[in-house]
Structures are given as C-alpha cells and as structure tokens.
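Work through the exercises below with the sequence and the model side by side. Try each task before reading its solution.

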Amino acid sequence: MGLACGIVGLPNVGKSTIYNAITLTEGGDRSNYMFSTTEPIRGTVDVPDPRLEQIAKFIETSRIVPAQMTVVDIPGLVSGASHGEGMGIGFLGAIKESNCLLHVVRCFESSDVQHVSGAIDPAADAEIVELELAQADLQTLDRNIDRVAKKARTGDKEYVEQKVLFERAKAHLETSQPLRMLEFSPRELELLAPLFLMTIKPVLFVANVGDSDVDGTSDHVKALREYAEKTRADVMHLCGDLEAEFIRMDEEERATFMEDFGLKESGLTRMIHAGFDLLGLQTFFTAGELEVRAWVIHQGDTAPIGAGAIHTDFTKKFIRAQVYKFDDLVQHETEAAIKAAGKLRSEGKEYVLQDGDICHFLIGN
Ligand SMILES: Nc1nc2c(ncn2[C@@H]2O[C@H](COP(=O)(O)OP(=O)(O)OP(=O)(O)O)[C@@H](O)[C@H]2O)c(=O)[nH]1
Ligand SMILES: [Mg+2]
C-alpha cells in the first residue's frame, strides 16, 4: 500500500529540517532564509519497527525488509499563495498526491530565523496555510460544479448527486473550515476522490519546538493543540534542530544525547506512530528464509486484503492463512514450539488481521 506524507507549512518553519531528519538525508534545502525550498522534493523512508530485528533473531533469514513510505518536502505556503503570492501554488500537485499532511508549525523562538509575519502565533499561522489550501479547494469545486451542472439540469441522477455534494462541500469551505471537519459517507468520498481535495486529507500538526521545550509544554504548543482539536486534526511536537543532530550521530552517541534531553523515542519514531494512528494503519509481517518483511495495511483489513498487499492477485486467490502473534514468537522462539503450544492458527477469508500478526498465506492458482 502506497503511503505518502506531504510536509506543508509556512516558509521557514523547519519543514526541510524535519524532512532531512525523517529521510536521514541532507536532500531538503535547509536554510534560515524563506522560500529556500522551491520545488517539492521526494524521499523514501523505511518505517522503523524494532520487531523486524527481533523476528530475524528467531527465524533465520537472508534479509530484513521494512515497510516504506514516501515523504515530500513542499515549498512554504503564504497568504495569497492561491493568487500567486510567494512560490504560488504550482506545487500543489505534490500535496494532492499525499495520503496525509504533516503540517509543520513553528513553536520555537529564534531571532536568527525570520518569521513570515513577524511573530509566532501557532493557531493563526496554521490557519493561514489551511485557508490557502481551502481557497485552492474552492477553485477545484467551482470548476467541478460547472462541469456537472449542465448534465444535472437534464435530471441525470448521478450528476445531480455530484452537484449537491460539491455544493455542500463548497458551502462548508466558505465558512473557512477545512473539509476534514465534515462527515462524508463512503459513497460521497468515492465521488470526491477524483477531485483530489486537499483540506479533506487527514492532518498531523507537528509543533516544531525549541530545545528548551522538548516536552512540548509551552503556550505555543498549547495553542496549536487547541487549534488541532477544534479542526479535527492530530498534533505532536518535536524539535527539528535536535532531530537533525541525531541523524549525524552513531547509535551510542544518540542514546546519550537523547537521555540528556530526557527523550525516550526520537521524534521521527513518534511521528510515524502518530501518522499510523491518524491513517488507521497497522503492520503485519511475513517471515521466512528469504526475507522478514513488514507490510502496512488498514486496521480492520481481512486476511485476503493483507495478502493483496504482497501481490494484488493474492486477494482473489487467497485460500487461507497460518497466523501467529509476534509475542508468541518472542515467548516460544520457534514456529514448531508455537504450533506445539496450539498458537498457530489457520484462518479463513473472514479473519481480520491484527497488528503484529506473522502470516504465511496459502494462495491458489
Ligand atoms: N532554533 C531552531 N531553529 C530551527 C528549528 N527547526 C528549524 N530551524 C531553523 O529554521 C530555519 C528554517 O528551516 P528550514 O527547514 O529551511 O525551513 P522550511 O520550512 O523548509 O523553509 P522554506 O523551505 O523556506 O519554506 C533554519 O535555519 C533551521 O535551522 C528548531 O527546532 N529550532
Ligand atoms: Mg524548505
């Protein structure tokens, strides 16, 4: 399953810094002047999961393959971008192709780094970006309302349905609120999907805090948290500067450094977990001689859908799955012992996969 996160936000808030920390590269153009990123930059990231290494301790294998996700560093958005201000919105395609948005909001104080509107105001800053995305969505909706209106006038049911839906979405956006706050039925979501609306996407606000607020207790973070709650988004905090330091360190150095700052997990790990929660994702594993591998699926997906993550054909040709839990492997150490303990289950088409399941699929011809 393709998982793509677009990093959006005002200019100079630390998007490229966070992109570099996530992708373990220096690929994002990071600088203390605004609009240093001029084009979307894409990177592929391994989804960190310590369970993979542990599985490989018990099941001899040639390689470990983590799940992957795409991260896109997107140029800063400013007020008026939808009318050509700043970098304009020529790069919105990069936002449209993302499954979720990491919306970085500056919560760190620094006189060296210019703020686009002079002072840090997390809720207002978040809103500026969201309003620009809403403007662009409005333009998209207007175009599509025009497109379907003529056919709707002839009484064509499907077009009438689309017109009513698009107009409802438009009316909501005109109240300056993102579309993710509206409830849509699965059918409505299907009709809206080809429009690639941006404010309908799940958002994880990332409060980029200074190194004096690694716990995220400042008023800035509080303000952003309130804004996120009000607009049905999730929120987390991390310190972009520290995360950028981590990637240059070896493991031992990083552990000491993190301990000094009282950090248990890197912001990157927390961010990926938060992203999984936001998108309702979970991981299952396949494990054998060839590879130990993580697969990302939605919570609630059945075994045939999980098999389809490996190869689309497998959904149809699924016969059954042999399943045990990661914890069973840790406890019993071998598949034979798991079987002897009666914990190796044979599951059919209706089985709903659980996070941490280790599966062998039996696939027909
Ligand atoms: N003090 C402090 N500075 C930070 C932090 N994160 C980023 N910065 C600095 O802020 C400046 C802007 O960072 P970038 O990552 O280039 O910001 P950006 O959002 O990608 O900017 P544009 O691409 O221009 O929109 C750089 O000088 C960073 O070093 C942080 O957590 N604390
Ligand atoms: Mg940048």
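**Exercise 1: the strands around β10**

Strand β10 (residues 318-325) runs antiparallel to strand β12 (residues 357-363), and seven bridges join them. The model is a predicted one, in which local features need pLDDT of at least 70, side-chain atom pairs count only at pLDDT 80 or more, and totals for chains, interfaces and linings use all residues. Residues are numbered from 1 along each chain as its sequence is written, while chains are lettered from A and ligands numbered from 1 in the order in which they are written.

Task: find the bridge partner of Arg320 in β12, then the bridge partner of Val323 in β11.

Solution. Step 1: strands (E, at least two residues) and helices (H or I, at least four) are DSSP runs, numbered from the N terminus. Two strands pair if DSSP finds at least two bridges between them. Step 2: in β12, Arg320 has Leu362 as its bridge partner. Step 3: β10 also pairs with strand β11 (residues 345-347), in the antiparallel sense over three bridges. There, Val323 is partnered by Arg345.

**Exercise 2: the open sheet**

Task: give the strand order of the six-stranded open sheet, and state which strands lie at its edges.

Solution. Step 1: the order is β2-β4-β1-β5-β6-β7, with mixed pairing. Step 2: β2 (41-46) and β7 (234-238) are the edge strands, each pairing on one side only. Step 3: from one strand to the next, the twist averages 25 degrees. Step 4: check the sense of some pairs. β2 and β4 are antiparallel over six bridges, with Ile41 opposite Asp73 in β4. β1 and strand β4 (residues 68-73) run parallel and share four bridges; here Ala4 is opposite Thr70. Strand β1 (residues 4-8) is also parallel to strand β5 (residues 100-106), over four bridges, and Gly6 has Leu101 of β5 as its bridge partner.

**Exercise 3: helix α4**

Task: compare the expected span of helix α4 with the distance between its end C-alpha atoms.

Solution. Step 1: the expected span is 1.5 Å times one less than the number of residues. Step 2: α4 (residues 122-153) has 32 residues and should therefore span 46 Å; its end C-alpha atoms are 45 Å apart, which agrees. Step 3: α4 has a kink of about 25 degrees centred on Arg147, where the bend is the angle between axes fitted to the seven residues ending at a residue and the seven starting there. Step 4: just after α4, Gly155 has a positive phi of about 90 degrees.

**Exercise 4: two domains**

Task: how many residues of domain 1 are in contact with domain 2?

Solution. Step 1: the bounds, from an automatic or database domain assignment, are 4-278 for domain 1 and 300-363 for domain 2. Step 2: their centres, taken over C-alpha atoms, are 33 Å apart. Step 3: four residues of domain 1 are in contact with seven of domain 2, contact meaning C-beta atoms, placed from the backbone, within 7 Å.

Key. Contact = placed C-beta atoms within 7 Å. Axes fitted to C-alpha atoms, helices over the stretch in contact; angles between N-to-C directions.
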